Amino acid sequence: MFSAVSLSLLFAAFILAAAVIAVLGSMMTRLADRLADATGLGEALMGAIFLGGCTSVSGIVTSVSAAYKGFPELAVSNAIGGIAAQTVFLAIADIFYRKANLEHAAASLPNIMQGALLISLLALCVLGISGPQTSLLAVHPLSLVLVAGYVLGMRQVSVVRSDPMWRPRKTQETRVDQAEGESMTKARMVKIWTVFMALAFVVGICGYMVAEMGIAISQRLGLSQTLVGGLLTAVVTSLPELVTSIASVRQGALTLAVGGIIGGNCFDVLFVAFSDAAYQSDSIYQALGDRQTFMIALTALLTGILLLGLIRREKYGIINIGFESFLIIVFYVSMFAFLQT
């Protein structure tokens, strides 16, 4: 598609698509916060299912189109790299909340449950890469398990939200997810849902353009699919999560911010299953190697550190950022630098 476009124009279009994704992602956040209260879903579930899922549209399109065109490493690296980047974005959002560390103020059982679910789903991906290579109609059975595991896991998150067996101890800095009681007519709610889904559709188109341009850039510059997918397209398609997490924190919707990232990350693991279905040459797991396994392990490590922060709940850290958030940034930067050596 972009074979005749100059490299400078290609980069300019890439940046433009990134800007559109970022702006529309910010608009989606404000709508999601209102819908969380109006529907009674709560910020954690609204962030995980709708905000996290819809802001992931660009990433889905990127991974699936890359897999369909025969770039399996780019597809999976984009999926897993996006999860790692979004976890770092949450650590960055911690800087913008000055009252206390984000892990302390936004601690909730649904978010902790989603973190555990995310690590479990990532472990399934490792099993698919390192285990026996088999497929059913060119799709690995573990891809089906990924989808089923996500659905069942989110069902459990919904259960613990409505009937928790324990709660984090409430402190002066804790921000509890409580509906603000916004009354909304049915017509008004339909209008907001329509705008929300329209924004998601445009973000999806931009995601497709990012995938096409990412492939073109990697071929022009001779860059590896892992580098382009894990850093370039992953970060760009994850820009809505950066914008929405910072916007949510500044609006005081802390549970929406954390739930949107962790829950969205759980959904993003499904990119691997979707890419497996789109890949034309048998199961996509057979085309993956040590670099993708390394990225999955790094992403699980970052998620584990975030979980430790949500459980330990340090009130104040260093330079207005929690110790766990600091570790997440350090591990992400150092491990990706090591991956490219």
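Leaving aside neighbours within four places in sequence, with which residues is serine 63 in contact? In this predicted model, the partners of serine 63 are Ala75, Asn78, Ala79, Phe271 and Ser275, once the neighbours within four places are set aside. Serine 63 itself has its place in helix H3, which covers residues 57-68, and with a relative accessible area of 0% it counts as buried.

## The protein as a whole

The protein has 13 helices and zero strands, so that, read from the N terminus on, every element in the series α-α-α-α-α-α-α-α-α-α-α-α-α is written with the same sign. There are 341 residues in the protein, and 55% of them count as buried. The exposed area of the protein comes to about 14,200 Å², of which carbon and sulfur atoms supply 67%. Among the contacts with a separation of 6 or more, 86% are accounted for by residues 24 or more positions apart.

## Helix H4 and its partners

Helix H4 runs over residues 72-95, and its 24 residues reach 35 Å from the first C-alpha to the last, which is close to the 34 Å expected at 1.5 Å a residue. Because 21 of its 24 residues are buried, H4 is largely enclosed by the rest of the structure.

Two residues of this helix may serve as examples. Glycine 81 is placed in helix H4 and is buried, with a relative accessible area of 0%. Leaving aside its neighbours within four places in sequence, glycine 81 is in contact with Val76, Gly230, Ala234 and Met295. Although glycine 81 and isoleucine 296 are 215 residues apart in sequence, their C-alpha atoms are 8.3 Å apart in space. Threonine 87 is also found in helix H4, and its relative accessible area of 2% makes it buried as well. With neighbours within four places in sequence again set aside, the contacts of threonine 87 are Ile261, Asn265, Leu302, Leu306 and Ile328.

Alanine 93 is the partner in another pairing across the sequence, since arginine 250 and alanine 93 are 157 residues apart along the chain and 8.8 Å apart in space, C-alpha to C-alpha. Arginine 250 is found in helix H10, residues 239-250, and is exposed, with a relative accessible area of 65%.

## Aromatic rings

A pair of aromatic rings is described by the distance of the centres and the angle of the planes. When rings of Phe, Tyr and Trp are paired if their centres lie within 6.5 Å, the count comes to four aromatic pairs. The rings of tryptophan 193 and phenylalanine 196 have planes at 85 degrees, so this pair is edge-to-face, and phenylalanine 267 and phenylalanine 271 form another edge-to-face pair. The table sets out the values for these two pairs.

| Pair | Centre to centre | Angle between planes |
|---|---|---|
| Tryptophan 193 and phenylalanine 196 | 6.0 Å | 85 degrees |
| Phenylalanine 267 and phenylalanine 271 | 6.4 Å | 90 degrees |

An α-helix has 3.6 residues a turn, so residues three or four places apart point the same way. Tryptophan 193 and phenylalanine 196 are three residues apart in helix H8, residues 186-221, and are therefore separated by about one helical turn. Phenylalanine 267 and phenylalanine 271 are four residues apart in helix H11, residues 254-278, and here too the separation is about one helical turn. Phenylalanine 196 is buried, with a relative accessible area of 0%, and both phenylalanine 267 and phenylalanine 271 are buried. Phe267 and Phe271 belong, together with Tyr150 and Phe274, to one aromatic cluster. Phe271 is also one of the residues in contact with serine 63.

## Surface and loop

Where the surface is concerned, Phe11, Leu221 and Leu223 form a nonpolar patch, with about 230 Å² of accessible area together. Leucine 221 lies in helix H8, and at 41% relative accessibility it counts as partly exposed.

Most residues other than glycine have a negative phi, and most peptide bonds are trans. Aspartate 282, by contrast, has a positive phi, near 60 degrees, in a residue other than glycine. Aspartate 282 has its place in the loop between H11 and helix H12, the latter covering 290-312, and it is partly exposed, with a relative accessible area of 31%.

Conventions: Residues numbered from 1 in each chain as written. Predicted model: local features only at pLDDT ≥ 70, side-chain atom pairs only at ≥ 80, totals over all residues. Heavy atoms only, no water. Phe/Tyr/Trp six-rings, centres within 6.5 Å; stacked < 30°, edge-to-face > 60°. Helix = DSSP H or I, 4+ residues; strand = E, 2+ residues; numbered from the N terminus. Buried < 20%, exposed > 50% of the residue type's maximum accessible area, 1.4 Å probe, protein only. Patch = residues over 30% accessible without salt bridge, like charges linked within 9 Å, V, L, I, M, F, W, Y side chains within 5 Å. Areas by Shrake-Rupley, 256 points an atom, 1.4 Å probe, with all protein chains shown as cover. Salt bridge = Lys/Arg side-chain N within 4 Å of Asp/Glu carboxyl O. Expected span 1.5 Å × (residues − 1). Contact = heavy atoms within 4.5 Å.
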